[in-house]
Amino acid sequence: MGIDAIRTVTVIGAGTMGSQIAMVSALAGFKTYLHDITDSQLQKALESLQFQMNRRLEKKRITETEYKMAFARLHTTTDLTEAVHTTDLVIESIVEKLEDKRELFKSLDELAPGHVIFATNSSAIVSSKIASSTKRPDRICNLHFFNPPFKMDLVEVVTHDHTSEDTTQTVVEFVKQLGKTPILLRKEISGFVANRLLGAMVREAVHLLEEGIATHEEIDLAAMEALGHPMGPFALLDMMGIDENYYAQLLQYQESGDPSMKPSAILQEKFERGELGRKTGKGFYTYSSIRPGL
Ligand SMILES: NC(=O)c1ccc[n+]([C@@H]2O[C@H](COP(=O)([O-])OP(=O)(O)OC[C@H]3O[C@@H](n4cnc5c(N)ncnc54)[C@H](O)[C@@H]3O)[C@@H](O)[C@H]2O)c1
């Protein structure tokens, strides 16, 4: 179908990731629909986007015209049919639960025209697990953005055995049109590349904390001041959302059966208490303002 056929993009899920992915798409010139199940979530996403875009304007990263045009291209709706009936590319960014995603893609398959490409922004669920809930496995792949999508340049494009070459190339070109850098992985692995590396670091950081070797602040300081990381693993977990990390680790554990991949007691405890990081105002650190993607 080629990149020229992509004019309208739909992002499903207006949380930490979806809201910014939609704005990145609108900034790149695509008419963009942002869908969520409640008006209140869409309102929250718009407020957060206004805050972020105002900061970008103040820092002269975008012009006033780009600001206005991007908001003019962005449409929010709770109506799934409206969100997809004229679209060319759907990027799903809802909660990291396989059954929820499969159910959503089944509905999307019925509502979206046949030419539409489906991508999932999942951090850990490979697209072959979703493809069978639709009649278009050749038009499905992973399109994995990093948090926050405004800032992070890399996007992992991951195909499965039945993704067509046309879909692959169109999606790779789409990432370039967003002004981002794609890496194309033709072999599926849960967590892909960057999050496999991150998972190894987080497991070790949590182990050091649970053993009482160092506090989470000290471990973050070591990562930043000794290894040159822009933020430590605990600050990163808070930014990503502890629930997302918990679900991803659980999936990797269930898939591999390897006990070392099991979510640690401390992550499980935070997950159960609802201390999910920045989005709830408390995770490993405490936050005074609750804004997704900050
Ligand atoms: N948080 C990160 O750092 C990060 C990074 C890369 C990828 N991801 C992936 O992105 C996806 C979303 O993560 P997030 O952190 O933005 O989550 P989030 O909890 O901030 O947002 C999820 C949103 O999806 C909405 N939603 C849930 N079910 C829905 C449905 N059936 N239809 C429409 N909307 C629905 C929720 O109302 C919520 O607004 C996950 O698959 C995650 O693995 C997350």
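Colleague: What is the sign of phi at glycine 241, just after H10?
Modeller: Positive, at about 105°. H10 counts as a helix here by DSSP: helices are H or I runs of at least four residues, strands are E runs of at least two, and both are numbered from the N terminus. Before we go on, this is a predicted model, so local features need pLDDT of at least 70 and side-chain atom pairs pLDDT 80 or more, while totals for chains, interfaces and linings use all residues. Residues are numbered from 1 along each chain as its sequence is written, and side-chain values use heavy atoms, leaving out hydrogens and water.

Colleague: Why is helix H10 called largely enclosed?
Modeller: Buried means under 20% relative accessible area, exposed means over 50%, and partly exposed is in between (1.4 Å probe, protein chains only). In H10, residues 233-240, 7 of the 8 residues are buried, so the rest of the structure largely encloses it. Those buried residues are Pro233, Phe234, Ala235, Leu236, Leu237, Asp238 and Met239.

Colleague: What covers them?
Modeller: The cover includes helix H1 (16-27), H8, helix H9 (216-225), helix H11 (242-256) and H12.

Colleague: What makes lysine 60 and phenylalanine 192 stand out in their backbone?
Modeller: Most residues other than glycine have a negative phi, and most peptide bonds are trans. Lysine 60 has a positive phi of about 60°, and phenylalanine 192 has one near 55°. Lysine 60 is in the loop between helix H2 (39-58) and helix H3 (64-73), whereas phenylalanine 192 is in the loop between strand E8 (181-185) and helix H8 (194-210).

Colleague: Are those two buried or exposed?
Modeller: Lysine 60 has a relative accessible area of 72%, so it is exposed. Phenylalanine 192 has 1%, so it is buried.

Colleague: Which peptide bond is cis?
Modeller: The one joining asparagine 147 and proline 148, with omega about 0°. Proline 148 is in the loop between strand E6 (140-144) and strand E7 (154-158).

Colleague: How do you know that glycine 277 is buried?
Modeller: Its relative accessibility is 0%, so it counts as buried. Glycine 277 is in the segment after helix H12 (265-273). Contact means heavy atoms within 4.5 Å; leaving aside neighbours within four places in sequence, glycine 277 is in contact with Asp238, Ile242, Lys282, Gly283 and Tyr287.

Colleague: Which residues come nearest to the ligand?
Modeller: Met17, Asp36, Glu96, Lys101 and Met240, out of 23 around it. A residue is near if one of its heavy atoms lies within 4 Å.

Colleague: What makes lysine 101 a polar contact of the ligand?
Modeller: A polar contact is a pair of N or O atoms within 3.5 Å; within protein, one must be able to donate a hydrogen and the other to accept it, and residues adjacent in sequence count only if both atoms are side-chain atoms. A ligand oxygen is 2.8 Å from an N or O atom in the lysine 101 side chain, so that pair qualifies. Serine 93 also qualifies, because a side-chain N or O atom there is 3.4 Å from a ligand oxygen.

Colleague: Which domains supply the shell around the ligand?
Modeller: Domain 1 (3-185) and domain 2 (195-280) each give at least three residues; the bounds come from an automatic or database domain assignment. The C-alpha centres of the two domains lie 26 Å apart. Their contact takes 12 residues from domain 1 and 9 residues from domain 2.
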